[in-house]
Amino acid sequence: MIAPPPRKDTLELIGNTPLVLLKGASEEAGCEIYGKCEFANPGASVKDRAALGIIRDAEASGDLKPGGCVVEGTAGNTGIGIALVANALGYRTIIVMPDNQSKEKMDTLRALGAELVTVPPTKYSDCNHFVHTSRRLAEDTEGAIWANQFDNTANRKAHIEGTAKELWDQLEGRIDGFTCAAGTGGTIAGVGMGLKEFDENVRIALTDPHGAALYNYFANGELKAEGSSVAEGIGQGRITANLEGAPIDTQFRISDEVGLGWVARLLREEGLCLGLSSGINVAGAIELGKQLVAEGRKDARVATILCDTGFRYLSTLYNREWLEAKDLPVFDWLAD
Ligand code: PMP
C-alpha cells in the first residue's frame, strides 16, 4: 500500500477516510459489509465534512467575511467540526447545544475555543429549541452566519461530492447497497444521491433509531415517532431540506440494545471504539445485506458509516452506572 502524499493544508485532512471490511458484520449478513471510517477525520466524526462544506459555501457566497463568526445549533459533532475549520480559517465559533448531550462533547467544544451556550432539550416547535436559539444568536451577532446544518444543502453536497465518490472509488465501482441513520439527513441523502448518479441500482436504505419519525415516513408516508433512543446525533422528526428528494429505497428500524450489541462486538472483536450511531448503522447494514442475499445476491457489497469515536462517550455508553440507569445492557467487561 502506498502512503498518501503530504497534504498542503490541514483542511485537506477532512474526508478521504479509509474504508474497512467489517468481519463480524459480514459473517452475520453472509456478504461483504464495509464501514467508512469517519472517526478518522480531524474532529473525529463525519460532521467535519458538513462543517467544511458549509463554511466554504458561505465564503463563496460572500456571506462569511474574513474575521467573521460561525454560529450553529448542534448535538456536538458539527460544532466540533465547525470549531476546527473556523480556527483554521480565522473565524470565531458560537455553538448552541442541548444540555443532555455527552459531557465529553461540551468539554471538547470549550477546549477547542468555541463559545458554548447550552439550553434545555425541548421540542422543535418550541422557540427555545437549540436550533432556533442558534438562529437568533446568529442574527444578533455582528459578522456572523448561521450554519443551519439541517436545512443548508451545502451539507449534503459535501457527501455527494466527497463521501459518495470516495465509496465508489474505494469499492472500484461495485457497491450494491448503502445505509445509515439520519440526523440532519445530509449523509444519507448526499451519499444516496451521489451513488445513484454512478449506478441507479445501488439500494439506499434509511436506518432509523427508535424515537425518530423517518422510518414510518418512508414505510407508509406518515411522520410518526415510536419509542425512544439514547443515540446522539441521529433521530429526525421532520423532512429537513437536506432530506428532500433523498432516494430512499427501503428502511430499517434498529433498537439501542441491538446497536449497543454491535458497538460491543466492534470493540471487542475488531478493535474499533465507536459511538452508538455507528452500532445502529452496522446493524442496519447487516439487515440490508441479508435482504440482498435473500434475493440471490450472495456476493453483495454493502457500505455504512462509522460516524464518530467512542472516546466521545466514556461517561455514557462506556460507563456502567449510566447504562444501568438507562436500563441498557452493560458491556461484559464493564460489568464486574
Ligand atoms: N452520528 C453522529 C454521532 C452524529 O453526530 C451525526 C450528526 N448529527 C450523525 C450520525 C448523522 O449525520 P447527518 O447529520 O449527516 O444525518
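The legends below describe close-up views of a predicted model.

**View 1. The six-stranded sheet.**
Six strands make up an open sheet with mixed pairing, arranged in the order β1-β2-β10-β7-β8-β9. β1 and β9 (250-254) each have a single partner strand and stand at the edges, so one side of each is left without a neighbour in the sheet. On average, neighbouring strands of this sheet are turned by 25° against each other, with direction ignored. Within the sheet, two bridges pair β7 with β10 in the parallel sense. V302 in β10 is the bridge partner of G177.

**View 2. Helix α6 and the elements it packs against.**
Helix α6 covers residues 154-170. Its 17 residues should span 24 Å at 1.5 Å a residue, and the end C-alpha atoms are 23 Å apart, which agrees. The helix nevertheless has a kink of about 30°, centred on I160. Buried residues of α6 include A154, N155 and R156, and also G162, T163, A164 and W168. The buried residues of this helix pack against strands β1 (19-21), β2 (32-37), β7 (177-180) and β10 (301-306). They also pack against two helices, α2 (47-61) and α7 (186-198). After α6 comes E172, which has a positive phi, near 50°.

**View 3. S278 in helix α10.**
S278 is part of helix α10, which runs over residues 276-294. Is this residue buried or exposed? S278 is buried, because its relative accessible area is 0%, and buried means under 20%. Leaving aside residues up to four places away in sequence, S278 touches I305, L306, C307 and D308. With C307 there is a polar approach: a polar atom of the S278 side chain lies 2.9 Å from the backbone nitrogen of C307.

**View 4. The four-stranded sheet.**
A second view of strands shows an open sheet of four, in the order β5-β4-β3-β6, with parallel pairing. Its edge strands are β5 (115-119) and β6 (144-146), each of which pairs on one side only. Neighbouring strands here are turned by 20° against each other on average, direction ignored. β3 (residues 69-73) and β6 run parallel and are joined by three bridges. At this pairing, V71 stands opposite W146 in β6.

**View 5. Helices α4 and α5 beside the four-stranded sheet.**
The sheet in this view has the strand order β5-β4-β3-β6. Helix α4 (residues 103-112) packs on the sheet and touches β4 (92-98) and β5. The direction of α4 makes about 165° with that of β4. Helix α5 comprises residues 130-140, and its buried residues are F130, V131, H132, T133, S134 and A138. Those buried residues pack against β3, β4, β5 and β6.

**View 6. L89 in helix α3.**
L89 belongs to helix α3, which covers residues 77-89. How accessible is L89? With a relative accessible area of 25%, L89 is partly exposed, because the value falls between the limits of 20% and 50%. Not counting residues up to four places away in sequence, L89 touches L11, I55, R56 and E59. One of these contacts, R56, is 33 residues from L89 in sequence. In space, the C-alpha atoms of L89 and R56 are 10.0 Å apart.

Technical notes. Residues numbered from 1 in each chain as written. Predicted model: local features only at pLDDT ≥ 70, side-chain atom pairs only at ≥ 80, totals over all residues. Heavy atoms only, no water. Buried < 20%, exposed > 50% of the residue type's maximum accessible area, 1.4 Å probe, protein only. Polar contact = N/O pair within 3.5 Å; in protein donor to acceptor, adjacent residues only side chain to side chain. Contact = heavy atoms within 4.5 Å. Expected span 1.5 Å × (residues − 1). Bend = angle between axes of the 7 residues up to and from the residue. Pairing = 2+ DSSP bridges. Axes fitted to C-alpha atoms, helices over the stretch in contact; angles between N-to-C directions.
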